[in-house]
Amino acid sequence: QNPRVDFAVFEVARGGLLREGLGYERNDVAVVLNVAPDHLGLGGIETVEQLADVKRVIVEAVPRDGFAVLNADDPLVAKMARSCSGDVVWFSMAPPGSAVAKRIDDHCRRGGRAVVLEHGELGDMIVIRHGRRSMQLAWTHLLPATFGGKAVMNVQNAMAAAGAAFAAGAPLHDIRQGLRSFQTTYYLAPGRLPVTEINGVTIVGDYAHNAAGMRLLGDFVD
């Protein structure tokens, strides 16, 4: 209700949805990153498919002039597109020629939007596609939160954030500057992959609270 507020960004928790439902009527942009076995056995949710049904609520709350930013690489998230009244913005790390990449090509040929990775000799480039236009956004290895591109989960997070910002109307240079200035420090993202060196020992901390998170953290450390 504050007239000085332009945007509000909420993390919508599974537990809150089950206890009290969605805390607002609609969201102009919904973002779903993935569905992993987490919190199962709580609130009557016993399977990953049931958990996906709960997370789908925010996609169902997208109005006709809104957007759902969805991970095309996660089959359970991709299915949520059917429940979106607005437009879908796909993000994907799938290689060219794959089934997912072909689906995104078809989506963009029809005027849709997507955020993809283009692989080259100089590295991986995050590219925003809108219809037949392709707009280079940033090299993944130049984003501090990706640690030279090694933190693959944060490459994916950056792509989702870029898709949401683009859907909301943010200029490319603002999106680019946001990604280039965000770091996983205690002050910006406490508990989310801060890397510290103490007496010659490198310490990596992360709130990896499920198996999928632990696997990605292990890959990053390796």
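These are my notebook entries on strand β8, helix α8 and a surface patch in a predicted model.

**Entry 1, strand β8.** I began with G205, which I found in strand β8, a run that covers residues 201-206. I then looked up its accessibility, and at 26% relative accessibility G205 counts as partly exposed, because the partly exposed class lies between under 20% for buried and over 50% for exposed. Leaving aside residues up to four places away in sequence, I noted that G205 touches G191, R192, L193 and P194. I also checked G205 against L188: the two are 17 residues apart in sequence, and their C-alpha atoms are 14 Å apart in space.

**Entry 2, the patch.** I next turned to V204, which also has its place in strand β8 and which, at 34% relative accessibility, counts as partly exposed. V204 joins V195 and V221 in making a nonpolar surface patch of about 220 Å².

**Entry 3, helix α8.** Which residues of helix α8 (residues 211-221) are buried? I listed G213, L217 and F220. Seen down the axis of α8, these buried residues fall within an arc of 55 degrees, so they line one face of the helix. This fits the general geometry, since an α-helix has 3.6 residues a turn, so residues three or four places apart point the same way. On the other side of α8, I found R215 and D219 exposed. The cover over the buried residues of α8 includes α6 (152-167), β7 (192-198) and β8.

**Entry 4, the helix end.** Last, I looked at the N-terminal end of α8, which N210 caps, with a side-chain oxygen 3.3 Å from the backbone nitrogen of A212.

Technical notes
Residues are numbered from 1 along each chain as its sequence is written. This is a predicted model: local features need pLDDT of at least 70, side-chain atom pairs count only at pLDDT 80 or more; totals for chains, interfaces and linings use all residues. Side-chain values use heavy atoms; hydrogens and water are left out. Buried means under 20% relative accessible area, exposed over 50%, partly exposed in between (1.4 Å probe, protein chains only). Contact means heavy atoms within 4.5 Å. The arc is that of the directions from the helix axis to the C-beta atoms. A polar contact is a pair of N or O atoms within 3.5 Å; within protein, one must be able to donate a hydrogen and the other to accept it, and residues adjacent in sequence count only if both atoms are side-chain atoms. Patches are made of residues with over 30% relative accessible area and no salt bridge: like charges are joined within 9 Å, nonpolar side chains (Val, Leu, Ile, Met, Phe, Trp, Tyr) within 5 Å. Accessible areas come from the Shrake-Rupley method with a 1.4 Å probe; for residues, only the protein chains shown count as cover. A salt bridge is a side-chain nitrogen of Lys or Arg within 4 Å of a carboxyl oxygen of Asp or Glu.
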